[in-house]
Amino acid sequence: MKIGIIGTGAIGGTIAKKMVIAGHDVKVTNTDGGEKLNARAKELGVNPSSIEDVVRNVDLIILSVPTLAILSLPENLFSNAPSEVVIVDTTNYYPFRDGEIEELKNGKVESIWVSEQLGRPVIKAFNNLLAETLINGGKEQGAENRIAMAISGDNEQSKKIISSLANDAGYDVVDAGSLSESWRHQPGTPAYCTELDLKDLSHALLDADKDKAAEIRDFVISKFMDGDAPASHQEVVNLNRSQFAKNPKTAI
Ligand SMILES: NC(=O)c1ccc[n+]([C@@H]2O[C@H](COP(=O)([O-])OP(=O)(O)OC[C@H]3O[C@@H](n4cnc5c(N)ncnc54)[C@H](OP(=O)(O)O)[C@@H]3O)[C@@H](O)[C@H]2O)c1
């Protein structure tokens, strides 16, 4: 499969590496477009691309930039990609990083907002796995406690394609439903970066509370910012889990 990735950071870069290992043809872009991009692409084992070309001649595009950066992508960028090209949204909105985006502050479902900015349907995926989970948490299909990724969107065929890529990368997948349901795996929900297996993630998605999610998201971030030292990966997972009394993993 030909894959174009916008963003070569913790998530975009890790997905790029995983997709190459799975045998896909991957090109990437970032804000640099020059020597730094070339060096990063070499490190990842993929091809560097301009932002205009990364969406051309591909089967699937992965958007992995801070939410705020979506507003500065070239206008009509995605009109260069045929309508059958699958677009994956990995982004999460964090006001401390992305600033006040009025519609998101007012509760618009994040991936619906992203889809509106791009002028194209998107599938929300990879957003509920921490970068470290994506780097080291993958397991063989059928392995005990295999971590599951949430996916949402309005095109079943696209969701199948992405689920197959996630499986190749080492993760089970739980379908959370349509894009309008994708708030169930946004930050501040029990499905978000809590490293659950298929059964527990299915429950967690149902337990999500839309009215409480933003407050929990901001509380968790404030705890990390207040810490003297950066939190370890396990501390991040534990703090996320501890916000949800019904989460079967809270006790760990
Ligand atoms: N980190 C996580 O654990 C995690 C987990 C799940 C989802 N996410 C979400 O996934 C998204 C990416 O996160 P990340 O942690 O990978 O971020 P990151 O490490 O900061 O990387 C962001 C990437 O986006 C690129 N970028 C920014 N603006 C751009 C633009 N206008 N055009 C092209 N490229 C642009 C940056 O380019 P440069 O390299 O040139 O700066 C960088 O490569 C965010 O929305 C985040 O919330 C993150």
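Colleague: How far is the polar side-chain atom of Thr31 from an oxygen atom of the ligand?

Modeller: Keep in mind that this is a predicted model. A pair of N or O atoms counts as a polar contact within 3.5 Å. Here, a polar atom in the Thr31 side chain lies 2.4 Å from a ligand oxygen. Arg97 also uses its side chain, with an N or O atom 3.1 Å from an oxygen of the ligand. With Thr90 it's a polar backbone atom, 3.4 Å from a ligand oxygen.

Colleague: And how much of the ligand's accessible area does the protein cover?

Modeller: On its own the ligand has 900 Å² of accessible area, and the protein covers 75% of that. As for where the ligand sits, that's the largest pocket.

Colleague: Which residues are closest to the ligand, and how many surround it?

Modeller: There are 24 around the ligand, and the closest are Thr8, Ile11, Thr31, Val65 and Ala131. By type, the shell has eleven nonpolar residues, eleven polar and two charged.

Colleague: What about aromatic pairs: how many are there?

Modeller: The count is one. Planes over 60 degrees apart count as edge-to-face. The Tyr94 and Phe96 rings have their planes at 70 degrees and their centres 5.9 Å apart, so this pair is edge-to-face.

Colleague: Is Tyr94 buried or exposed?

Modeller: Buried means under 20% relative accessible area. Tyr94 has 12%, so Tyr94 is buried.

Terms used. Residues are numbered from 1 along each chain as its sequence is written. This is a predicted model: local features need pLDDT of at least 70, side-chain atom pairs count only at pLDDT 80 or more; totals for chains, interfaces and linings use all residues. Side-chain values use heavy atoms; hydrogens and water are left out. A residue is near a molecule or strand if one of its heavy atoms lies within 4 Å of it. A polar contact is a pair of N or O atoms within 3.5 Å; within protein, one must be able to donate a hydrogen and the other to accept it, and residues adjacent in sequence count only if both atoms are side-chain atoms. Accessible areas come from the Shrake-Rupley method with a 1.4 Å probe; for residues, only the protein chains shown count as cover. On a 1 Å grid over the protein atoms alone, a cavity is a set of points where a 1.4 Å probe fits but cannot get out, and a pocket is an open set with protein on both sides within 12 Å along at least five of seven lines; lining residues have an atom within 4 Å of a point. A molecule sits in a cavity or pocket if more than half of its atoms lie within 2 Å of its grid points. Ala, Val, Leu, Ile, Met, Phe, Trp, Tyr, Cys and Pro count as nonpolar, Asp, Glu, Lys and Arg as charged, and the others, Gly among them, as polar. Rings of Phe, Tyr and Trp (its six-membered ring) pair if their centres lie within 6.5 Å; planes under 30 degrees apart count as stacked, over 60 as edge-to-face and the rest as tilted. Buried means under 20% relative accessible area, exposed over 50%, partly exposed in between (1.4 Å probe, protein chains only).
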